[in-house]
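Visitor: I would like to go through some side-chain contacts and hear the reasoning behind each label.
Guide: Good. Here is the structure.

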Amino acid sequence: MPSRAITPSVYTIAVATINATMDVTDATFQTAVVDRSNTLPVVVDFWAEWCAPCRQLGPVIERAVAARAGQVELAKVDVDANPAIARALQIQSIPAVKAFVDGRVASEFVGAQPPAAVDQFLDALLPSEADELVQLGDEASLRRAVELEPARADAALPLARLLLARGDADGALALVREVPGSFAADGLAARIELQRRDPSPSVPDLSEAFAALDAGEHERALELLIGALPSADGAKDDIRRVVVGVLDELGVEHPLARDARRRLASALY
């Protein structure tokens, strides 16, 4: 009887499945899963030979990972042969699936799942179209990312700054007002509002502070902004919002953050 030819699509999936799946042990888990997940998501299938639902889930998740062509990797851990890592991750029922991203468990499920549920689980780990556009960072990409996700701060903020730099304050303000819950977006909105106000005894001229901010001179910008607060009776809250937005973008671990927060509190209260 003639042998049956393997079609290119089946062959491709078979090879991808081999390449995308690896057996991991207690000794290799840190390198193969935790460290590797800093580069791309690693999905770990905890199973055992005697477990019937594991044998049901295994081929489903292997095919699903292979179909994503290297965007995610699959690690298989036999809990009987590797009890230490199973205990450390508190595996109490199998099959158990844990997805690692940036060294931590990002998502998980227990029990055999249908293909559609596995697909949904994996797709949630992968970059969205907006994620990829934000990574590109050019104006056209940022505009498209904002169209897809108007409330996305990491798209709206850089695009708003581009617009503000070319003099489109209205366009910039419209963008950041669509981003709720972001101190950085609120701070940029406050800056735009301050720039529209004429300097007066109660509204200091902050052009030097904003120029320093645009130049990346955060220490100088914060010094000028916080220093303007005592005489800014008519603009204290807007200046506070700008400072808080700057600190939010710098992050709590930034060397400037602790001292700036202390000086901000002292200037306000």
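**Contacts and their labels**

Guide: There are 2 aromatic pairs in the structure. The model is a predicted one. In one pair, Phe-29 and Phe-100 have ring centres 5.6 Å apart and planes at 75°.

Visitor: What makes Phe-29 and Phe-100 an aromatic pair that is edge-to-face?
Guide: Two values decide. The centres are 5.6 Å apart, and the limit is within 6.5 Å. The planes are at 75°, and over 60 degrees counts as edge-to-face. The pair links distant parts of the chain, 71 residues apart: Phe-29 is in helix H2, Phe-100 in strand E4. Both Phe-29 and Phe-100 are buried.

Visitor: Why is the pair of Phe-109 and Phe-121 called edge-to-face?
Guide: Their planes stand at 90°, so the pair is edge-to-face; the cut-off is over 60 degrees. The centres are 4.9 Å apart. Phe-109 sits in strand E5 and Phe-121 in helix H5, so the pair ties together parts 12 residues apart in sequence.

Visitor: How do you know whether Phe-109 and Phe-121 are buried or exposed?
Guide: Buried means under 20% relative accessible area. Phe-109 has 13%, so Phe-109 is buried. Phe-121 has 10%, so Phe-121 is buried too.

Visitor: Now the charges. How many salt bridges does the structure hold?
Guide: It holds 26. One of them joins the side chains of Arg-68 and Asp-119.

Visitor: What makes the contact of Arg-68 and Asp-119 a salt bridge?
Guide: The N to O distance is 3.3 Å. The cut-off is within 4 Å, so the contact qualifies. The partners are 51 residues apart: Arg-68 is in the loop between helix H3 and strand E3, Asp-119 in helix H5.

Visitor: Why do Arg-68 and Asp-119 get their accessibility labels?
Guide: Arg-68 has a relative accessible area of 11%, so Arg-68 is buried. Asp-119 has 29%, so Asp-119 is partly exposed. Partly exposed lies between 20% and 50%.

Visitor: How do you know that Arg-263 and Asp-259 form a salt bridge?
Guide: Their closest N and O atoms are 2.9 Å apart, within the 4 Å limit. Both belong to helix H14; they are 4 residues apart, so about one helical turn separates them. Arg-263, at 26%, counts as partly exposed. Asp-259, at 33%, is also partly exposed.

Note on methods: Residues are numbered from 1 along each chain as its sequence is written. This is a predicted model: local features need pLDDT of at least 70, side-chain atom pairs count only at pLDDT 80 or more; totals for chains, interfaces and linings use all residues. Side-chain values use heavy atoms; hydrogens and water are left out. Helices (H or I, at least four residues) and strands (E, at least two) are DSSP runs, numbered from the N terminus. Buried means under 20% relative accessible area, exposed over 50%, partly exposed in between (1.4 Å probe, protein chains only). Rings of Phe, Tyr and Trp (its six-membered ring) pair if their centres lie within 6.5 Å; planes under 30 degrees apart count as stacked, over 60 as edge-to-face and the rest as tilted.
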